Amino acid sequence: MTIAITFRVLVVAVALLVGAAAGTERDAAAALPPGNTVAQWNQIAEDTVVGSGAFQNEGYLYMAYESTAVYDAVVAIQGRYQPLDPVFRVSKNASPDAAVVEAAYRTLRHFFPAANASLDPLYAAALSAIADGPAKQAGKRIGVVAANQVIRGRSLDALTLPIAITSIFPTLKPGPGVWRLTPPFASAQTPWVGSVHPFILRSAAQFLPAPPPSLSSPEWTSAFNEVEAYGGANSTVRTVAQTNVAQFETANVIRQYNGVVRAITDARQLGLPQTARLAAMVNVVAADAGISVMHAKYHYLFWRPVTAIDPTAVSADGFGSATGYDDGNPATVEQTGWRPLLTTPNHPEYPAAHGSLTGAMADVFSSFLGTSQINLDIHGFDPNGPAGNLNAVQHFNTADDMRTEIVNARTWGGLHYRFSGVAGVLLGHQVATYDLKHAFQPIG
């Protein structure tokens, strides 16, 4: 094996632990998002993480940090559920709202010092809404402890790396089936995420999928031909409805599924413990699914459809010659100039990352709601709106509807073979099943 080293440093950096911000309560007032205190800071965390430019699997790590600190702070005071980090002594008369504000703010301020200009006024506004007194001060102390536990506990994860940086990873000898950079040839996306220590799983490889199918197998032939026909930018068989589904699922998954957290909270008028639990379930399980899928991707290094279907769709990328390879299978036909409907993400094919996240979220929502009949409205991308919008809405009757759609969407978008989507959904299910069994349980 050889080692490919490519580094791309973006301007947003993650600094070391910062000290307390003196005088932030005197900062200018800021408009807080709607909802209870946990929902407010879930939205603030989402805006901070997405606004940093973090890739989605990377971003869920930071969402998990904030959600863990908030969850532990709330259950330390109000009980009901098992904490994620070690139990610490608290005053039961402490303000849970103050604890939430402090835990969220301290965690976000540590990992995103560049966001202090927006975080500090929100922190001041949130604290000003809480009555002064011993309860408020006790709550703030609890929030500090919860945040510090998360920060210290994750200090060995090598997260001093700048946001969206690539890293060293082992490569395979170039040839049929081996991943290459894809148009527009951006550097490999955050291989290091697959080496982060999971939050609840025993290891990133705990549920490593079986290898992708052989290039001579009927499963490969079927998958190749399907994505070639349905996933091309100029497909003549993909319907308008299928195109819309593919576009819908390009929405930022951090915003997509944290939006569901707040929608459920609002619809069911959840209290702080239940909201904190749901937010932690979504973000911690998603982070573990992201770690697992990135580990698997860079373990197998399987090629994307655009590379398999059009061997000319390569460049002098450092991963081999500027000429690609065909699969050697007489039942598949390469097509010069073929491009997918959607731009291929800059990481390996197998298994599908969006499949793993959505598969995990289907289980999380089923578990929290107590039924597979989830009946959820989920926001996604509307191609008729501005970039990054969440203006489209789809209703999902069941958890299986979520799983089925994401497999279809990534195939119809030309990003994944069907077997990659299925493997991703299964991986997400396995991660969620394990995490939900070993964490977030009621006390007593």
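How many helices and how many strands are there in the chain? Let's work that out, then try a few more exercises on this predicted model.

**Ground rules**

Residues are numbered from 1 along each chain as its sequence is written. This is a predicted model, where local features need pLDDT of at least 70, side-chain atom pairs count only at pLDDT 80 or more, and totals for chains, interfaces and linings use all residues, while side-chain values use heavy atoms and leave out hydrogens and water.

**Exercise 1. Describe the overall build of the chain.**

- Start with the elements: helices (H or I, at least four residues) and strands (E, at least two) are DSSP runs, numbered from the N terminus. The chain has 13 helices and 4 strands.
- Next, check the compactness. The radius of gyration is taken over C-alpha atoms, and the globule rule is 2.2 Å times the number of residues to the power 0.38. For 444 residues the rule gives 22 Å, and the chain's radius of gyration is 22 Å, so the chain is as compact as a globular protein of that length.
- Then look at the extent: along its principal axes, the C-alpha trace spans about 75 × 45 × 40 Å.
- Finally, ask what is covered. Buried means under 20% relative accessible area, exposed over 50%, and partly exposed in between (1.4 Å probe, protein chains only). Of the 444 residues, 60% are buried.

**Exercise 2. Find out how far apart in sequence the contacting residues are.**

- Contact means heavy atoms within 4.5 Å.
- Take the contacts with a separation of 6 or more: residues 24 or more positions apart account for 82% of them.

**Exercise 3. Check the length of helix 1 and see how it is packed.**

- The expected span of a helix is 1.5 Å times one less than its number of residues. Helix 1 covers residues 37–51, and its 15 residues should span 21 Å; the end C-alpha atoms are 21 Å apart, which agrees.
- Now the cover: 12 of the 15 residues of helix 1 are buried, including Trp-41, Ile-44 and Val-49.
- The buried residues of helix 1 pack against helix 2 (56–78), helix 3 (96–111), helix 4 (116–128), helix 8 (253–268) and helix 9 (272–300).
- Zoom in on Asn-42, which lies in helix 1. Asn-42 counts as buried because its relative accessibility is 2%. Beyond residues up to four places away in sequence, Asn-42 touches Met-63, Glu-66, Asn-258, Arg-262, Ala-279 and Asn-283.

**Exercise 4. Do the same for helix 6.**

- Helix 6 runs over residues 218–230, and its 13 residues should span 18 Å; the end C-alpha atoms are 18 Å apart, which agrees.
- Among the buried residues of helix 6 are Trp-220, Phe-224 and Val-227.
- Their partners? The buried residues of helix 6 pack against helix 10 (305–309), helix 12 (399–412) and helix 13 (418–438).

**Exercise 5. Set Glu-58 beside Leu-390: which is buried, and which is partly exposed?**

- Glu-58 lies in helix 2. With a relative accessible area of 0%, Glu-58 is buried. Not counting residues up to four places away in sequence, Glu-58 touches Pro-162, Ile-163, Ala-164, Thr-190, Trp-192 and Val-193.
- Leu-390 sits in the loop between strand 3 (376–380) and strand 4 (392–396). Its relative accessible area is 24%, so Leu-390 is partly exposed.
- Leaving aside neighbours within four places in sequence, Leu-390 is in contact with Ala-251, Arg-255, His-379 and Gly-380.
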